[in-house]
Amino acid sequence: FTAHGWALTVGAATLRRVYGLILESILCRIGGPVVTVSEYDFHLAERYKVGRRDRRHLIRNGVSATDRRAAPGRQKPLRIIAIGRLSTVKNHALMLQALSRLSLPFHASIIGEGDLRQSLEKQIDMLGLHDSVALLGEVTETADLLAAADLFVLSSKYEGLPLSVLEAMSLGLPVVATDVGGVKEAVLDGTTGLLSASGDAAQLAKNIEKLGANPELMREHGNRGRLHFEKYFTAERMINELEPVYSTMLHAADTR
């Protein structure tokens with residue numbers, strides 16, 4: 001079982017957390033190995049004793065490396081991008097609140113589809129952002145859009161270790177994100193990007209403004225993010241760590 005963020009994680013609805021703790025504790029104890037994709041989730045599993053101790057594995061998410069490179073800070077207005085389904089969890093409403101506070105010119109693209117599209121469209125109009133924010137819907141290939149951006153924003157209420165952030169870092173994009181789940185394992189605050197508390201639109205806006213107004217700082221954070229990605233978050237590293245877990249499990253099944 002691979003936990004891409006536990007149902008019992010901080011930030012989730014209380015009822016979801018209670019049911020999650022019960023169900024995940026039972027299922028992970030009667031099943032095989034449990035893989036957590038972030039150190040945050042690994043410690044959460046330890047704290048709540050989810051899964052057997054000798055079967056818990058920390059194997060961080062990874063994505064394929066790319067030769068593509070973003071060039072943050074070389075264009076105006078500031079190009080902001082976000083990727084994530086239009087749902088309560090991803091909390092794009094918070095991002096829109098933050099964008100409405102910006103003093104610098106920008107254009108933001110949000111990739112993803114979901115039940116909250118109409119609600120977000122209304123919020124965009126209400127905040128006067130219809131000329132600055134585009135909801136692009138589902139996009140199969142995001143590399144070109146990421147490469148054309150200056151800054152990646154994640155405003156989630158909770159996460160495991162989001163692949164979208166790793167994809168942005170793989171191209172050298174600086175990241176502004178909420179400090180939830182395992183995000184801070186990739187986005188090192190003040191080094192590869194900037195973090196704010198979940199739900200804090202004012203701080204999220206300040207962080208976007210701080211990087212967006214300083215092209216050199218954006219490039220520095222983006223370059224360090226790329227190096228951090230190459231060291232810890234490639235798909236190759238993830239596969240190499242997963243292989244022995246699966247091999248052991250299959251070998252055990254063969255000998256039954």
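In which sense do strand 4 and strand 7 pair, and over how many bridges? Strand 4 and strand 7 (residues 151-154) pair in the parallel sense, over 2 bridges, where strands and helices are DSSP runs numbered from the N terminus, with at least two residues (E) for a strand and at least four (H or I) for a helix. Two strands are said to pair if DSSP finds at least two bridges between them. One of the links involves Ile80, whose bridge partner in strand 7 is Leu151.

The model is predicted, so local features need pLDDT of at least 70 and side-chain atom pairs count only at pLDDT 80 or more, while totals for chains, interfaces and linings use all residues. Residues are numbered from 1 along each chain as its sequence is written, and side-chain values use heavy atoms, with hydrogens and water left out.

The pairing of strand 4 with strand 7 belongs to a wider arrangement, an open sheet of 6 strands in the order 6-5-4-7-8-9, with parallel pairing. Strand 6 (133-137) and strand 9 (193-196) stand at its edges with a single partner strand each, so one side of each is left without a neighbour in the sheet. Neighbouring strands of this sheet are turned against each other by 20° on average, direction ignored; here, axes are lines fitted to C-alpha atoms, for helices over the stretch in contact, and angles run from 0 to 180 degrees between N-to-C directions.

At the edge formed by strand 6, the neighbour is strand 5, which runs parallel to strand 6 and is joined to it by 4 bridges. Ile111 has Gly137 of strand 6 as its bridge partner. The side chains alternate along strand 6: Val133, Leu135 and Gly137 point to one face and are buried, whereas Ala134 and Leu136 point to the other face and are not. Buried means under 20% relative accessible area, exposed means over 50%, and partly exposed lies in between, with a 1.4 Å probe and protein chains only.

Helix 3 lies across strand 4, strand 5 (106-111), strand 6, strand 7 and strand 8 (175-178), and runs at about 175° to strand 5. The axis of helix 3 (residues 92-99) also comes within 8 Å of the axis of helix 8 (residues 201-212), and the two cross at roughly 60°. That makes helix 3 oblique to helix 8, because angles under 35 degrees count as roughly parallel, over 145 as roughly antiparallel, 65 to 115 as roughly perpendicular and the rest as oblique. On the helix 3 side, Leu94, Met95, Gln97, Ala98 and Leu99 meet Ala201, Leu204, Ala205 and Ile208 of helix 8, contact being heavy atoms within 4.5 Å. The residues of this contact divide into 8 nonpolar, 1 polar and no charged, where Ala, Val, Leu, Ile, Met, Phe, Trp, Tyr, Cys and Pro count as nonpolar, Asp, Glu, Lys and Arg as charged, and the others, Gly among them, as polar.

Another helix pair is formed by helix 6 (residues 163-170) and helix 9, which pack at an angle of about 115° with their axes 7 Å apart. Leu166, Met169 and Ser170 of helix 6 make this contact with Gly225, Arg226, His228 and Phe229 of helix 9, and the residues divide into 3 nonpolar, 3 polar and 1 charged. Arg226 has its place in helix 9 (residues 215-232) and counts as buried, at 9% relative accessibility. Leaving aside neighbours within four places in sequence, Arg226 is in contact with Thr66, Arg69, Met169, Ser170, Leu171 and Gly172.

The loops hold some further details of the backbone. Pro77 lies in the loop between strand 3 (56-58) and strand 4 (78-83), and a cis peptide bond, with omega about 0°, joins Lys76 and Pro77. Pro77 is partly exposed, with a relative accessible area of 26%, and touches Pro105, Phe106, His107 and Asp150, not counting residues up to four places away in sequence. Lys49, in the loop between helix 2 (39-47) and strand 3, has a phi near 55°, a positive value in a residue other than glycine, and is exposed, with a relative accessible area of 53%. Asn91, found in the loop between strand 4 and helix 3, has a positive phi near 50°, and Asn91 is buried, with a relative accessible area of 13%.
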